[in-house]
Amino acid sequence: MTSTSPDLRTTVAADKTERWHRLRQAALTLFEERGFAAVSIDDIAAAAGVSRRTFFNHFETKAGALFDPAPGEAAQVAELLAREVGADPWVALTRALRAYLAVEFRTVSARRRILAGQPELNRFLLLANMYFEESVLAWLGGRGITGLRARAMSSMALACVREAFTAWDAESGQARLFELLDQLFALAAAGTAAIRPTGAADRATNRTTSRTASRTADRATDRATNRATPKASQTRSRILLTAERLFAEHGVFAVSNRQISEAAGQGNNAAVGYHFGTKSDLLRAIVDDHTARLERIRERLLRSRGDSTELRDWVACVVLPFTDHLSSLGTQSWYARLAAQIMTEPRLRELVAGGSHDAPGFHTVVAGLHRCLPGLPPELRRRRDDMARTLLVHTCAHRERTLPADADAARAAWEATAAELMDAVEGLYLAPASSH
């Protein structure tokens, strides 16, 4: 038996980190030059001098090249915070954030400029910020600041960073950004008295803004209500269900829009294009439909368990939304098998990037689960999150393929699967970390 020497392992890890940063810098440059939508994964890989396969060894999606935390980022933040010994917690936290932004200025400033041109990408920033905030919360806990006080302080500090970038004009240079940041940190430290409106003009502005927002929301509701006739809604639903079945049984790339239209009983072979647009749009519509129903189950679980400090309760909030939703679909369902395809195939992950991970309840569950695992380093928690998702989706896909035809037996099978998955996922998170 042979073993890999420590020096070789160190060299391999360094090479992998170097490729990661090369891909990140290539992505940032291309996104700034051409815009996010105009750049492909192949473009990024070519600019970094690596293969497409190497790209997917480092990032799951194109958005990951812009938003994924860098290797060692959690340790870097922790080190900056650890330097602030004896200082007031707010002063120490803001100084550490300033130091981090100075070191990572190229990345964070480019990211903000890209987001300004494509604000829908902000959803990916939520998850990136969540992992960053874990290091801050762990440090605050070590200073005796816990619970809501810790979350309020970290949220205020990160909001100051966000608003400084929003107000900053890149043409004015880095020094101006830090001036804005210091002003916002000072206002946050002073509290709401320093920013409360004082004049009638302010109050009038607030009322006008509120009325405008209300009218905009009303118009959006009207559009949503009148979007489709009952017959059109039935046709859309039939196409969605047919596409889901064909995608699950034959593979997304093996099925055409024409085949879906025909299988859905549509005389017009262009029915999919008429109701949804491209096949990519259709796939996103399927995922969005299931995500909305999953989120309702997750919200119900959070109302009953959201204050828990028990890991098992948070694991239930991970597992039960998926298994309960699949159980509600009856004895013939296909979504778990489709979800397994999306998880496995990089091009599909890119098409539906976000999905259930954009749902507010998902972020709440992940944060609650992580609070029960203070002993696991953030990067290891993130890897175990990936393992838990893989276990959940692929186990459910197998159960879906072998589901009994009897309705009562099918419900019992999903209940047993849920219990077994909760045992397995809880054990996965509690397993000791091996030294590498």
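**How many helices and strands make up the secondary structure of the protein?** In this predicted model, the secondary structure comes to 21 helices and zero strands. Of the 436 residues in the protein, 41% are buried. Take the contacts between residues at least 6 apart in sequence: 70% of them join residues at least 24 apart. The close-ups below visit a few places in this helical model.

**View 1. The largest nonpolar core has 57 residues.** Good places to start looking are F247, I260, L282 and F322, the residues with the most contacts inside this core. Many helices contribute: α12 (230-250), α14 (271-275), α15 (279-305), α16 (311-328), α17 (335-344), α19 (360-371), α20 (378-401) and α21 (407-430) each supply at least two of its residues. For background, nonpolar side chains tend to be buried together in soluble globular proteins.

**View 2. F247 and its neighbours.** If you set aside residues up to four places away in sequence, F247 touches V252, V255, I260, K279, L282, L283, I286, L338 and Q341. Two of these partners, I260 and L282, are listed with F247 among the residues with the most contacts inside the largest core.

**View 3. A second core, separate from the largest one, has 32 residues.** Among its members are I145, M153, A157 and V161.

**View 4. Helix α2 (residues 41-48) has a buried side.** Here I41, I44, A45 and A48 are buried. Why do they lie on the same side of α2? They cover an arc of only 95 degrees around the axis, so they share one side of the helix. The general rule is handy here: an α-helix has 3.6 residues a turn, so residues three or four places apart point the same way. Turn to the other side of α2 and you will find A46 and A47, which are exposed. Just after the helix comes G49, whose phi is positive, near 75 degrees.

**View 5. The second largest cavity holds about 50 Å³ of space.** A search of the whole structure finds two cavities of 30 Å³ or more. The lining of the second largest one is formed by V77, L80, L81, L93, A96, L97, Y100, F132 and V136. Which helix gives the largest share of this lining? That is α6, with four residues. Helices α5 (73-82), α6 (89-103) and α8 (122-142) each supply at least two lining residues. In character, the lining divides into nine nonpolar residues, no polar and no charged.

**View 6. E73 is a buried residue of helix α5.** Its relative accessibility is 14%, and therefore E73 counts as buried, the cut-off being under 20%. Leaving out residues up to four places away in sequence, E73 touches Y100, F132 and E379. Y100 and F132 also belong to the lining of the second largest cavity. E379 is a partner from elsewhere in the sequence: E73 and E379 are 306 residues apart along the chain, yet their C-alpha atoms are separated by 8.8 Å.

**View 7. S154 sits in helix α9 (residues 147-167).** Is S154 buried or exposed? At 1% relative accessibility, S154 counts as buried. Beyond its neighbours within four places in sequence, S154 is in contact with L93, E133, V136, L137 and L140. Of these, L93 and V136 also help to line the second largest cavity.

How values were computed. Residues numbered from 1 in each chain as written. Predicted model: local features only at pLDDT ≥ 70, side-chain atom pairs only at ≥ 80, totals over all residues. Heavy atoms only, no water. Core = buried A, V, L, I, M, F, W, Y, C linked by side-chain atoms within 4.5 Å. Buried < 20%, exposed > 50% of the residue type's maximum accessible area, 1.4 Å probe, protein only. Contact = heavy atoms within 4.5 Å. Arc of directions from axis to C-beta. 1 Å grid on protein atoms, 1.4 Å probe; cavity = no way out; pocket = protein on both sides within 12 Å on 5 of 7 lines; lining within 4 Å. Points joined across faces, edges and corners; volume = space filled by probe spheres on them. Nonpolar A, V, L, I, M, F, W, Y, C, P; charged D, E, K, R; others polar.
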